[in-house]
Structures are given as C-alpha cells and as structure tokens.
Amino acid sequence: MNYPAMKIIAAFALGMLGTVNAYPVQNDPDPDGFVHTASTEYTPPDDPAVLQALDQWQDLKFGIFFHWGLYSVEGISESWPLCSEEKFTPRRQNILPGCDYEGFKRWYWGQAEKFNPVNFNPQAWAAMMRDAGTKYMVFTTKHHDGFCMFDTEFSDFKVTAGPFAHDANANITKALFDAFRNEGFKIGAYFSKADWHDQYYWSRQLATPTRGVNYDIDKHPGWWAQFKKNTAGQIKELMSDYGRVDILWLDGGWVRAPKEDINIDSIVDMARSLQPGLIAVDRTVHGRNENYTTPEMRVPDRQLPYPWETNTTITNRWGWTPRPKYKSERQLVNLLAEVVAKGGNLLLDVGPRPDGTIEEQARTRLAYIGRWLDKNGESIYNTRPTEVYNSGNIWFTASKDGKTIYAIYALPDGENLPAKISWHGNIPSGKITLLSTGRKISHTTDADGLTTVRLPDNLPQEAIALKFRIK
C-alpha cells in the first residue's frame, strides 16, 4: 500500500479522499463458475451522517445474510436458473431435465403457490444470530426473480398473496426486521434492481435472452417509465413501513445508466430522506451510491483503504440446497479473522429451508463462532487495521486508538495448536494477555525482530487471540 492502512482510513473518515483505486481480489468462484466482480474504484460519501454510519458499521465486523425465497422451495440455491444466458443452462437442465426454457419459467413462477414456511419463527432466528455474535443483518426482500418477501402495492407476486398470507408473520421482511431490531441489530434490506417477473422489465411479448431488460427502451418509453415507478415505489415502501433501516443493499448491477437508467440517484436520495444516514450499497456500480464495496465469495489479497465487505456463504451455495457442502467451524473463524485484519466486514450467508427453519449444520457452526467470539471478540469488534496485519497463520488487528494490538492465530483444519507461535513486526511492549483466559504470557523478541510466545498447555484446539501493546 502507498500509505499505512490506518492513515488512509482516517483520511477517508474525515472525507479527505477522492476516488480511490481498488486492489485486486482473489477469486473463490462458486460451483457454477459465476460471481459478481467488485468495483475497481471507490468514492467516499460527503454526507456527515453517512460517514458516521459507516464508522459505526465498521465497528460491527460480522453480519448475517439470508437468501430465502421461491428458489428455496425446491432447493435450487437462488433465482439465476431463470436467466437463459448460457452459463446458467446446465443448472436449469439439472433441475428439470428435458424441460424447455419457457416451461422452466412457468414451473418456477408456480413455486409461489408452494412457498409456505409454516415453521418460520423470526424471534428464534434473531436470537440464534445474536448468540452467533453477528451484529447486523441483510435480508433478500426481492431477488432477481421479482418475488417480494414483503407486502407491496406494486406487485401481486409476493409472499402475502400466497399460501402463507394468513400467517401472523406473513410479511416476512417486517417480521424479521422487527425481531432483529429488537435484539439490537442494524438492519439491511437487500433489493434487486432487476425484476424478471415484472412485465415492464421482461415483457411477456418478447423473448428473454439475457438478464437485462428485453426490449428497446427508446421504442417503449412507457414500459420503462412504469418499471421505474414500480422500483422506486417498492424501495419507498421498504424505507417507510418497516422501521429503522440502516443499509439499502442493491443488487442487479447491470441495471445502471446509460442503458438501464432507473434514476438511482433520485431513488437513493428519496430513501435517505426517509432514513437519514442510510448506507447505500449499489454494488458493482462505482460512484456516490456505493458507500462500501462488496467482493463476493472472496477476500481481497491485501488491505483496502476504504470500507468493504466480503459476502460469502456458510456452504457452497447462496440459498438452501438439500446436500450442501459446509465450511468448517475453523474455516469460518479464520475467515472472519482474515477479513477483519484486512480492514473489512464479513457478511456470512445462511439459506433457510423452505419450512422456515435453519438446518442443524448451520446452527452448530454459528454457535461455535459465537462461543469463540464470547472469549475473543475484543480482537474483532470495534477494531481497525494495523500496518503489519499478517505473519504466517497470524492475523493482526488494532484498537481504534491504535494503542493495543491483537494477534489471532488462525488454526488450520487438521492441525493442533503448536507449543510456540512466532511473528515479525508488532513487537510487544510488556506482557501479552491470552484473551480467552485473561492469563498473562511472557515472550521473547530476538535481534531480528522475531517475537516468540510459548502457549499454555491444554488449550482448546481452536484459534487463539493475544492482546498486547507495541513499542
């Protein structure tokens, strides 16, 4: 980096930076070979309320993401198989072998008559995620398929018009936002700017060869005007009728000017007038409305000098699938440590089952992370990057005032804790404290600046965090 990370981030917080070039990220592609690319530039906001909200958001570090909708009924991850682009054809054929594309679309839309999560308990979700140590949530109010997980006046394709309509929690978005807010969470509304079910985006009169609008906007300005009205209207509903919303997390980055101009500036301004200090995340669209960047399914290869969030999955899929491959408990803790050391937040996705429950494999992993954070959370929450942020298996974070350093030893799968750990840089001054026990540990530092710590015997076989001052 050209400057120490803490100096750059301090400059950002004071609004001193203009557009900043992004650093590359390491790809960790999903099983279908498709992830969104992150923006390559960043422009900090100039609204003091948004800057303050971003600073508070950077204190939280760990959020929970939910992909839940029609795609959950049959366990097909998310709504991308609806798109006829070639990269998604194998997925569609695996779901309904021998079915043609138009038949698949009819089948998919028909899932609205089956989505009936009779065991949905928003308070249980919120308590579970509180105990997991997450501090904010982002929920898919509407994915690209257009199915609204909230009550809206702009579409009949919604959860409150199906078999779940008479349940006390039928307005799922409202139920979740209220439950999580009551547990002290910051609230994020995921909303896709695309809408493949809206006839004013995908006209029923024409084929749908790509993910984008399927007609010439110049030839059908009335259709496009109605789509813009529907989009702005639904976002206004979410910003007006659901209590405090802290993050508007916009997906569908191809819906942008000049080709698909929905007047996003005016939409975000409207949303922020209703929710002052709202963090806008028009992901992959560089500019005033992308208040933090969102590398997907990957972690940047170094610290980034602006707010960012890795969004990734607890399994290998976004939504629920019948036989998912889960990340291990250690992998998840180590991922959190790496992301935070590089200056980011981790938004970890869980796909609830169609009945509204979260499966045991996810619950046990989340509980593990929560127990680890109960003992070691001081090294994660409210921290900021330090110039020396990595040495082997060790990730470093710093207190906001920069006076205290935390060293997190990320224990790989299949290994036991070593008797000693060593690192270069961040030379301790005085004693080192093991966060999980409060025990003081001595250390040595040689002439080459290599610090070595002997670990106590009989520690649990998990990541450890140390706390110390530096010279």
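Reader: Where does R288 lie?
Author: This is a predicted model, so treat every position here as a prediction. Along the chain, R288 is not part of a strand itself: R288 lies in the loop between β7 and β8.

Reader: Is R288 buried, exposed or partly exposed?
Author: Buried means under 20% relative accessible area and exposed means over 50%. R288 comes in at 40% relative accessibility, so R288 counts as partly exposed.

Reader: Leaving aside its neighbours within four places in sequence, which residues is R288 in contact with?
Author: One residue to look at, though the question is about contacts, is D46: its C-alpha atom and that of R288 are separated by 8.8 Å, with their places 242 residues apart along the chain. For contacts beyond four places in sequence, the list for R288 is D265 and D269.

Reader: Where is T293 placed, and is T293 buried or exposed?
Author: T293 has its place in the loop between β7 (279-282) and β8 (309-313). Its relative accessible area is 2%, and under 20% means buried, so T293 is buried.

Reader: Which residues is T293 in contact with, apart from neighbours within four places in sequence?
Author: Let's start with a residue to compare by distance: H220 is 73 residues from T293 along the chain, and their C-alpha atoms are separated by 33 Å. The contacts of T293, with neighbours within four places set aside, are S39, E41, Y42, Y306, P307, W308 and E309.

Reader: How far apart in space are H36 and T284, C-alpha to C-alpha?
Author: H36 sits in the loop between β1 (20-21) and β2 (41-42), and with a relative accessible area of 11% it is buried. Set neighbours within four places aside and H36 is in contact with W80, D251, W254, R283, T284, E296 and R298. So T284 is on that contact list, which fits a cut-off of heavy atoms within 4.5 Å. In sequence, H36 and T284 are 248 residues apart, while in space the C-alpha to C-alpha value is 7.7 Å.

Reader: What share of the contacts between residues at least 6 apart in sequence join residues at least 24 apart?
Author: H36 and T284 give one example of a contact, and those two are 248 residues apart in sequence. Over the protein, among contacts between residues at least 6 apart, the share joining residues at least 24 apart is 72%.

Reader: How many helices and strands does the protein have, and how compact is it?
Author: There are 10 helices and 19 strands. The radius of gyration is 23 Å, and the globule rule gives 23 Å for 471 residues, so the protein is as compact as a globular protein of that length.

Reader: How many of the residues count as buried?
Author: Picture the C-alpha atoms filling a box of roughly 75 × 45 × 40 Å along the principal axes. The protein exposes about 18900 Å², with carbon and sulfur atoms supplying 47% of it. Of the 471 residues, the part that counts as buried is 59%.

Reader: Which kind of aromatic pair do Y190 and W249 form?
Author: The protein has 33 aromatic pairs in total. For Y190 and W249, the rings are 5.7 Å centre to centre with 25° between the planes, and planes under 30 degrees apart count as stacked, so the pair is stacked.

Reader: Why does that pair tie together parts that are apart in sequence, and by how many residues?
Author: Y190 is buried at 0% relative accessible area, and W249 is buried at 1%. Y190 lies in strand β5 (residues 186-192) and W249 in strand β6 (residues 247-251), so the pair joins parts whose separation in sequence is 59 residues.

Reader: What kind of aromatic pair do W224 and F227 form?
Author: Both lie in helix α7 (residues 221-240), 3 residues apart, about one turn of the helix. W224 is buried, and F227 is too. Their rings are 5.2 Å centre to centre with 40° between the planes, which makes the pair tilted.

Reader: Which residues does a cis peptide bond join?
Author: Look in the loop between β6 and α8 (264-274), where P258 is found. Omega is about 5° for this bond, and the residues it joins are A257 and P258.

Reader: Is N426 buried or exposed?
Author: N426 has its place in the loop between β14 (420-424) and β15 (428-434), with a positive phi near 50°. Its relative accessible area is 9%, so N426 is buried.

How values were computed. Residues are numbered from 1 along each chain as its sequence is written. This is a predicted model: local features need pLDDT of at least 70, side-chain atom pairs count only at pLDDT 80 or more; totals for chains, interfaces and linings use all residues. Side-chain values use heavy atoms; hydrogens and water are left out. Helices (H or I, at least four residues) and strands (E, at least two) are DSSP runs, numbered from the N terminus. The radius of gyration is taken over C-alpha atoms; the globule rule is 2.2 Å times the number of residues to the power 0.38. Buried means under 20% relative accessible area, exposed over 50%, partly exposed in between (1.4 Å probe, protein chains only). Accessible areas come from the Shrake-Rupley method with a 1.4 Å probe; for residues, only the protein chains shown count as cover. Rings of Phe, Tyr and Trp (its six-membered ring) pair if their centres lie within 6.5 Å; planes under 30 degrees apart count as stacked, over 60 as edge-to-face and the rest as tilted.
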